[in-house]
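Trainee: I am new to this structure. Please pick one part, look at it closely, and then place it in its surroundings.

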Amino acid sequence: TAYEQVGRYIWRALGQTDVAAPPSPPQALTFASGILAGSAALATFLPPAPSEVVQVSKLSAVVGGFVMLVGARAAGGCTSGHGISGLSSFSFSSLVTVAAMFGGGIITAILWT
């Protein structure tokens, strides 16, 4: 929902009045900002990551994040939302989504290695 709220703010700033106004206060944006701030604080106090961590270029990270964003939007929620909340409420669409995610991950791992 944070992405939706950001999009609403952007469209409203661009003069689109037919877009629904973002909620006030923007709870999803506040939550996402808290996650970012907490991550930054932990990164400050935790020791450096071990050297066997795979290094990813900034461009790859941005492209991967964008692909995740598109996938989450197309699937009607994020992976953890479908996996935890959706499956616990016996949502059939979440079952299909989680099966597709695992299937895609398995196929990618087989083809990648």
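Mentor: Here is a look at the largest pocket, then at the helix that gives most to it, then at a few other spots.

The model is predicted: local features need pLDDT of at least 70, side-chain atom pairs count only at pLDDT 80 or more, and totals for chains, interfaces and linings use all residues. Residues are numbered from 1 along each chain as its sequence is written, and side-chain values use heavy atoms, with hydrogens and water left out.

Start with confidence. pLDDT is the predictor's confidence in each residue, from 0 to 100. The chain averages 83, and 97% of the residues score at least 70. Among the elements, helix α2 (residues 27-45) has the highest mean, 87, and helix α4 (residues 79-88) the lowest, 77. Helices here are DSSP runs of H or I, at least four residues long, numbered from the N terminus.

Now the pocket. A pocket is an open set of points on a 1 Å grid over the protein atoms alone, where a 1.4 Å probe fits, with protein on both sides within 12 Å along at least five of seven lines. The largest one holds about 940 Å³ of space. That volume is the space filled by probe spheres set on the points, which are joined across faces, edges and corners. Its lining counts 24 residues, and T1, Y3, A72, G77 and C78 are the closest to its centre. A lining residue has an atom within 4 Å of a point. Helices α1 (2-13), α2, α3 and α5 (92-112) each supply at least two. Helix α3 gives the most, with eight.

Stay with α3. It spans residues 58-75 and includes V67. V67 is exposed, at 52% relative accessible area. Exposed means over 50%, buried under 20%, and partly exposed in between (1.4 Å probe, protein chains only). V67 also joins L59, V63, F66 and V70 in a nonpolar surface patch of about 500 Å² of accessible area together.

Next, α1 and beyond. V6 sits in α1 and is partly exposed, at 37%. V6 and A28 are 22 residues apart in sequence, yet 9.6 Å apart from C-alpha to C-alpha. P22 lies in the loop between α1 and α2. P22 counts as buried, at 18%. Its C-alpha is 9.1 Å from that of R12, 10 residues away along the chain.

Last, F90. This residue is in the loop between α4 and α5. Its phi is near 60°, a positive value in a residue other than glycine. F90 is exposed, at 76%.

Methods
Patch = residues over 30% accessible without salt bridge, like charges linked within 9 Å, V, L, I, M, F, W, Y side chains within 5 Å. Areas by Shrake-Rupley, 256 points an atom, 1.4 Å probe, with all protein chains shown as cover. Salt bridge = Lys/Arg side-chain N within 4 Å of Asp/Glu carboxyl O.
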